[in-house]
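Student: Could you take me through one part of this structure closely, the way two of its elements pack against each other, and then carry the same care over to the local backbone and surface details that deserve a look?

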Amino acid sequence: MGGDTQTRQTVSTFPKYSAGPVGQQIHSIYKGRLGIFQDGGQYASQNLQAKLYEGKASGEDYIKLSVYSPPDLTRPTFKEATSHEFKKTHVGEWFGPSWSTHWIKIHLKVPSDLQKKEQLELHWDGHNEGLIWTEDGVPLQGLTGNGERIEWILPKEFRDGSFHTFYIEMACNGMFGNAPGGDSIQPPDPNKYFQLTQAEIVAVNMEARQLYIDFWIIGDAAREFPENSWESHEALQLCNKIMDTYVAADGSQDSIIECRKLATKYIGDVNSSRVYDTDKEHLIYAIGNCHIDTCWLWPWDETKRKIARSFANQCDLLDRYPEHRFVASQAQQYKWLEQLYPSLYDRVKAKIKEGRFQTVGGSWVEHDTNLPSGESLVRQFLYGQRLFQSRFGERCRTFWLPDTFGYSTQLPQLCRLAGMTRFFTQKISWNNINNFPHTTFRWVSLDGSQVLCHMAPANTYTASAHFGDVNRSLSQNKSMDQDATGILAFGKGDGGGGPTFEMLEKLRRCRGMSDTVGLLPRVKMGDSVEDFFDRLEKKAEEGTKFVTWYGELYFELHRGTYTSQANNKWNNRKTEIMLHDIEYLATLATIKDSSYKYPKKDIDDIWENTLLCQFHDCLPGSCIEMCYDDSDKLYEYGFKTGKKLLKDALSVLDFSMHDPEKDSMIAINTLPWPRAEIVELPAGMQTRDSKYAIVHGDSGAIDVKALSAKDSKYSSSKASIKEIRQDVFQLSNNHYKVEVEGGSITSLIDLEENREIIAKGGKANQLVIFDDKPLYWQAWDVEVYHLETRKELPSSQSRIVEKGPHKVSLMTETKISEDSWVKTTISLAASIEDQPSYVEMANEVEWHETMRFLKVEFPVDITNTEASYETQYGIIRRPTHYNTSWDMAKFEVCCHKWADLSENGYGVSIMNDSKYGFATSGNMMRLSLLRAPKAPDAHADMGRHHIRYAILPHAGPLDSRTVRTARNFNHPMNIYSHSSPSTTTSSSLLSAITLQGSPALVLDAIKRGEDDEDVSRGELPKRKGRSIILRIYESLGGKARGTIKTSLKVKKVWKTNVLEDDEESLEIVDGGVGIELRAFEVATFRLQL
């Protein structure tokens, strides 16, 4: 049969008999066990917490404390504070009240048994913010308190056994101000006190601290990776093995070192920045930031200290972590740092030069973009970029605005004109109705300009650099069809602070985990924001078609900020208008008289203060009361200074303020189109027979003709008023017949068109009030359900207060409550030739309500599914229906000087002088007037208000009549005294620059060139000669041609960007320059004299 066979038998090592039962792990229990190893509480004395420190020292043998407490909530400088006598204090002492400052002098000696330990730290917890200073006045590091950022690494030279002196500037506020209890947005408690509970020298067990973070991140992997994934199971097994190893050796130092070795199996070697040195592709760009709100739940003076604390922290971390990159925006904050903390500023500047502390944003502050005028948005970039360029040698390339309450549709165009092609933000992720569909996309402006936009996919700008933050930076990316990368903006924010060492350590472990076991998206540190966007732009150049979003980025939250803090918004609007006139008149004054110096410093001061007040919590109305005390002072300074600047410029131009001894009265029209209006004379110029005057002329100086009741020339256009039935009044002029009943307009007939404007059964100028209790954010939000609480406010009897013939007025009182009332004066002026006529309402309001919302309604006989609203440099159209959730979300929107509802052949515009909240639902137009939130300012909007608005009907489409009339309504002509105005050089000079052509073109600003040699303040290289800057925009949405005409001796004309860089030379023909602007284009021209 073949031969013998030999059987081979393999001996198994698997035991023949079971040693005992082994059960399957119950993962929920074993995951729950992980907290026992790290958490405080009942096991803290037995777990890793007990091993974090190798020794401690406290008490007067080693730490001697004394204090100087400045009086009256003052914040003295280091030099001033340390010149005073310090009194002995101790741990356990209480410091306060809220917003006070206490300077603590510390004499510290390291005991001999700690001097050779690896790392020594001072742990200081006063439960409030603080700043550590050297003995000779150098700021070193900020402290947060309440267990956060309480450590300061002691210098090596402190280990010599001698006492060393330094200071802590203690601020009696927390990171988020001084709100009582745990709700940070409640009005601050003025009497909070803070206890110093810890002041001790600590020797840190660095291996234990590192293990703590190792375990934290691996534990997160066990908890947050998919439960059915190998990576989650492996992380859980490893964590339990680490715990078992630690327990088996009673937590010895050797066991801690062994546990760290076990951790490397999952996260690799994470002990240095070399963890990032691999060439494996990364998807997440980790960028440190701290987003310091320039004011919010604390006043500006505290922000200045927050800047120092935050920037000092980051300089320290940049020294300790080579991979760290930190970005900071807001030119204002750098200017404050330069003025108040010069040594720290120099340190920051050195880090910027290294490329590790990175400037972004390009604007003066992180401003609101809904409410400022177009020119204000330009100046945010102009002043911001000029500071970054003058201080640090280059302009910003990325507009960085993570936290504001919606984004104007013209921002992409203005960004491009300010030298920025990319935009980073995040706030839209807070929408409470619809989820925004994109992460990386092309955002397109009204004129077609675009920027490449990226929204942090982790949906926060203050990430804690947790495992989950890294994971969500990929899993929540909505643009992975085009690009899967994302920015992780991490660091303590809003109240400042920025990244902590724990965050940087966690990110090292996340990167190590990605390289070792995978699944977690790979994070990279060391790249910049510009590196991120450069790569995106290169992808676009190579053919990647990023999706587009046209028009505004409407924020579906914080809609109440269009209305909150009405006085602050009034100040902003009036200051913007005043600055327009100052620059216009001062420019012409420099042409007339070479000895007159353009008041650049004063203009800069007013502009910078205005831009500061446009910070995205200040202007919207979501700050504490102290912030508005501060802003009121800045506006008061602006109005006072501005009045003097106007007077000085007018004096050079031979005008004086209301001097009856002069030969004639004259009005100055600072707007770029003809005006014909009946105006009320200044009190000193009125006579018994003449209260009003007719002002009719082109841009510049216009003759003023006083009108008497018997003036026959204008009698055909007189206004009249009569009571046609009891408490029913009829006001009329050549254009309109208006009926008013109970203070409401029940009929408004356009006589020329023979058309009723008020909807059948409707009441225009009807005051209505709503219950206003949002889900949480009081000053910020108004929720859709408030519309269901509408109540009409009945009025008392009306009375005639002005009978004509030049103007008629009817006053009605409305009681809101026992404490609040409105006096409304409806006026109609005599119509003038073919000039638009409107019905004006002036309200005096005494407002003392709680969580109520006052609005005024205008039901009009117009049908359209869209309404139009003025926005910066253009028009935005929004739905008047609720077809979709996206439509319904816009139940309250932002407008500027007017809103319009038009159909084919006819329309109605509602103009206002200081309001921004509006809604059009069907044919109901509703202007928002006043709110009464109680947090974070308990007294928001309480007191007296004066509000003007008007109804402007128009035959035909929405056109330049509304744009111009609304501008006129906000920009009343002032009357001055002047000798022989028709023959003087000054009068002709006022019309030396005009814009002819399409009425859609608006000449919005006239100013001197920033770097003209007779204007420059020396920040940037001077430009020879003198120049005049013109800002012109197309206002209606179509291509428009025009001609800049000037009688001045102009050598050359350039089209520039908003930073006034020459870009295109234009030809001068017969004293004019032909221009063509595309729809809603903003164009800047420089006339070289």
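Tutor: Helix α7 passes helix α9 in a left-handed crossing, and, as with everything that follows, this is read from a predicted model. The two helices involved span residues 331-340 for α7 and residues 374-392 for α9, and their axes come within 9 Å and cross at roughly 45°. That angle makes α7 oblique to α9, because an angle under 35 degrees would count as roughly parallel and one from 65 to 115 as roughly perpendicular.

From the helix pair we can turn to the backbone, beginning with the cis peptide bonds. One of them joins Gly 96 and Pro 97, with omega at about 0°, and Pro 97 sits in the loop that runs between β4 (94-95) and β5 (101-108). Another cis peptide bond links Gly 804 to Pro 805, where omega is about 10°, and here Pro 805 belongs to the loop between β34 (795-803) and β35 (807-815).

Two asparagines also merit attention for their phi angles. Asn 754 has phi near 50°, which is a positive value in a residue other than glycine, and its place is in the loop between β30 (744-750) and β31 (755-756). With a relative accessibility of 68%, Asn 754 counts as exposed, because the cut-off for that class is over 50%. Asn 765 likewise shows a positive phi in a residue other than glycine, in this case near 60°, and it lies in the loop between β31 and β32 (766-771). Asn 765, however, has a relative accessible area of 3% and is therefore buried, since that term applies to values under 20%. Strand β31 thus borders both loops, the one holding Asn 754 and the one holding Asn 765, while the former residue is exposed and the latter buried.

Finally, on the surface, Ile 26, Ile 29 and Tyr 30 form a nonpolar patch whose accessible area together is about 280 Å². Of these residues, Tyr 30 is found in helix α1, which covers residues 27-38. Tyr 30 has a relative accessible area of 32% and so is partly exposed, a value that also satisfies the requirement of over 30% for a residue to be part of a patch.

Conventions
Residues numbered from 1 in each chain as written. Predicted model: local features only at pLDDT ≥ 70, side-chain atom pairs only at ≥ 80, totals over all residues. Heavy atoms only, no water. Patch = residues over 30% accessible without salt bridge, like charges linked within 9 Å, V, L, I, M, F, W, Y side chains within 5 Å. Areas by Shrake-Rupley, 256 points an atom, 1.4 Å probe, with all protein chains shown as cover. Salt bridge = Lys/Arg side-chain N within 4 Å of Asp/Glu carboxyl O. Helix = DSSP H or I, 4+ residues; strand = E, 2+ residues; numbered from the N terminus. Buried < 20%, exposed > 50% of the residue type's maximum accessible area, 1.4 Å probe, protein only. Axes fitted to C-alpha atoms, helices over the stretch in contact; angles between N-to-C directions. Parallel < 35°, antiparallel > 145°, perpendicular 65-115°, else oblique. Left-handed = near helix turned anticlockwise from the far one by under 90°.
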